[in-house]
Amino acid sequence: MLSLLSFLSTFPHMMNLQMVDLKSQYLKIKQEIDVSIQGVLDDAAFIGGKQISELARQLESYLDVKHVIPCANGTDALQIAMMALDLQPGDEVITPSHTYFATVEVVALLKLKPIFCEVDRQTFTMKADEIEKLITPKTRAIVPVHLYGQSADMEPILALAKKYNLFVIEDNAQAIGGSYTFSDGTQKANGTMGTVGTTSFFPSKNLGCYGDGGAVFTNDSDLAERMKMVANHGQRKKYVHEIVGCNSRLDTLQAAILLVKLQHLNQYCDARRMVADYYDHAFANHPNIISPYRASYSHHVFHQYTIILEGVDRDTVKAKLEEKGIPSMIYYPIPAHRQKMFDSFGIKSTELGTTDWLADHVISIPIHTEMTEEQMNYIASTFIAIINSLI
Ligand SMILES: *Cc1c(COP(=O)(O)O)cnc(C)c1O
């Protein structure tokens, strides 16, 4: 008799394989979400409704941080943080090039100078020794990105920042719900260790809403006050504009959705980790598939499951996966320092060997909160079969 798996393998479209399955996730919490949305409609407080401050309070308690300020998206969150820190044109900001472009775009937008740092080949994040090589008298800030759901190694980065008196802006768009363990055993939530943390509530992120959203976190009350002002036209009091700001608000509807989803965040992180465990097990000891490294200091929340492929052509693998109904993504195909936008920035000479190498060798396969055993089995076994057919 045909097993369910071999039956489904013949018709992969029936398995509904997606990088992220927001529809199935919604259907499981439909009741709670619909009630929460209806609450906003009933009040008609679409901007600045009570759900906004309620979300901020709940996130403060979840993350154990003094201040959370919601805003319009994760890119704005970075911008608000950098504006509130009063970084000036020409100030140098050290960021990875192997990241989502928003991280470095904001630096350029504010006429700051991005200084691209190499990432570690194992963890995909910046390390303190590489950062230190780039510090000059003009350096003002370091932006570690907790990429794919794993925190950068923060303890040495924080020590470096202290030594050189630099701000640390954690781009935590991909790792909310994850944490970092210091050498003395203390654990802190990602995004709460530096001067300021930023996140995105883009639908596919680990804590996603049903549109755009973002937030900044900090333990510094003065900075929190300034960020609140920056996000609100530079005003503390209506029609009194003290500093240059912007307009960056989270919609009340999105806050209402996030209030529900925050209750499920730990369970969502666990579900992602279970998929990662499954893949790790399936790919263990395969000479061409390097599974994501799990650093002992990090509680990884697997925003992505990003593999390094060695000895096989990555783009051929991607095309063959597609033929079998399995989506995959390259995060990120062109490193930031190679983007045309930076042509005029005089960074052409930047040599980032590992970053360039990763752009040619990484591939991310589906990982989300709703994956079934059949889906994981089909993806893992098909992936291995494809690689084996190419070596
Ligand atoms: C998604 C993301 C952002 C930007 O978030 P948006 O809400 O899309 O503006 C910034 N940095 C990283 C690392 C991201 O993954």
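**Exercise 1. The surroundings of Thr198**

Leaving aside its neighbours within four places in sequence, which residues is Thr198 in contact with? Work from the predicted model, and establish whether Thr198 is buried or exposed.

*Solution.*
Step 1. Place the residue: Thr198 belongs to strand S8, which spans residues 196-200.
Step 2. Check its accessibility. The relative accessible area of Thr198 is 0%. Buried means under 20%, so Thr198 is buried.
Step 3. List the contacts. Beyond four places in sequence, Thr198 is in contact with Ala77, Leu78, Ala81, Ile169, Glu170, Asp171, Asn172, Ala173, Ala215 and Val216.
Step 4. Assign some of these contacts to elements. Ala77, Leu78 and Ala81 are among the buried residues of helix H5. Asp171 is the bridge partner of Thr198.

**Exercise 2. Strand S5 and its partners**

Describe how strand S5 pairs with S4 and with S8, and state why S5 is largely enclosed.

*Solution.*
Step 1. Take the S4 side. Strand S4 (residues 139-142) and S5 run parallel and are joined by two bridges. Ile142 lies opposite Val168 of S5.
Step 2. Follow the chain between these strands. From S4 the path goes through helix H8 (residues 154-164) to S5, giving a right-handed β-α-β crossover.
Step 3. Take the S8 side. Three bridges link S5 and S8, again in the parallel sense. Within this pairing, Asp171 is matched with Thr198.
Step 4. Consider burial. S5 covers residues 167-171, and four of its five residues are buried, so the rest of the structure largely encloses the strand.

**Exercise 3. Helix H5 and its crossing with H6**

Determine how many residues of H5 are buried, what the buried residues pack against, and how H5 lies relative to H6.

*Solution.*
Step 1. Count the buried residues: ten of the eleven residues of H5 are buried, and the helix is mostly covered. They are Gly74, Asp76, Ala77, Leu78, Gln79, Ile80, Ala81, Met82, Met83 and Ala84.
Step 2. Identify the packing partners. The buried residues of H5 pack against strand S1 (67-71), H6, S5, S8, strand S9 (214-218) and helix H9 (221-230).
Step 3. Examine the H6 partner. H5 (residues 74-84) and H6 (residues 102-109) have axes that come within 9 Å and cross at roughly 40°. This angle makes H5 oblique to H6. The crossing is right-handed.
Step 4. Name the contact residues. H5 contributes Thr75, Leu78, Gln79 and Met82, while H6 contributes Ala102, Thr103, Glu105, Val106, Val107 and Leu109.

**Exercise 4. The open sheet and its helices**

Give the strand order of the sheet that contains S14, explain why S12 and S15 each have one side without a neighbour, and place helices H11 and H13 on it.

*Solution.*
Step 1. The sheet is open, with three antiparallel strands in the order S12-S14-S15.
Step 2. Strands S12 (289-290) and S15 (362-365) are at the edges with a single partner strand each, so one side of each has no neighbour in the sheet.
Step 3. Two bridges connect S12 with S14 (residues 305-309) in the antiparallel sense. Ile289 is opposite Leu309 of S14.
Step 4. Helix H11 (residues 265-283) packs on the sheet, touches S12, S14 and S15, and makes about 20° with the direction of S14. Helix H13 (residues 353-361) lies across S14 and S15 and runs at about 100° to S14.

**Exercise 5. Helix H11 from Ala276 to H14**

Find what Ala276 touches, and describe the crossing of H11 with H14.

*Solution.*
Step 1. Ala276 is in H11 and is buried at a relative accessible area of 0%.
Step 2. Not counting residues up to four places away in sequence, Ala276 touches Arg294, Phe302, Tyr305 and Ile367. Its C-alpha atom is 10.0 Å from that of Pro366, 90 residues apart along the chain.
Step 3. The axes of H11 and H14 (residues 373-390) come within 10 Å and cross at roughly 35°, and the crossing is right-handed.
Step 4. On the H11 side the contact involves Val275, Tyr278, Tyr279, Ala282 and Phe283; on the H14 side, Glu373, Met376, Asn377, Ile379, Ala380, Phe383 and Ile384.

**Exercise 6. Lys318**

Classify the accessibility of Lys318 and list its contacts.

*Solution.*
Step 1. Lys318 is in helix H12 (residues 314-323). With 22% relative accessibility, Lys318 counts as partly exposed.
Step 2. Apart from neighbours within four places in sequence, Lys318 is in contact with Ser328, Met329, Ile330 and Ile363.

Technical notes:
Residues are numbered from 1 along each chain as its sequence is written. This is a predicted model: local features need pLDDT of at least 70, side-chain atom pairs count only at pLDDT 80 or more; totals for chains, interfaces and linings use all residues. Side-chain values use heavy atoms; hydrogens and water are left out. Buried means under 20% relative accessible area, exposed over 50%, partly exposed in between (1.4 Å probe, protein chains only). Two strands pair if DSSP finds at least two bridges between them. A crossover is right-handed if, with the strands pointing away from the viewer, the path from the first strand over the helix to the second runs clockwise. Contact means heavy atoms within 4.5 Å. Axes are lines fitted to C-alpha atoms, for helices over the stretch in contact, and angles run from 0 to 180 degrees between N-to-C directions. Angles under 35 degrees count as roughly parallel, over 145 as roughly antiparallel, 65 to 115 as roughly perpendicular and the rest as oblique. A crossing is left-handed if the near helix is turned anticlockwise from the far one by less than a right angle, and right-handed if clockwise.
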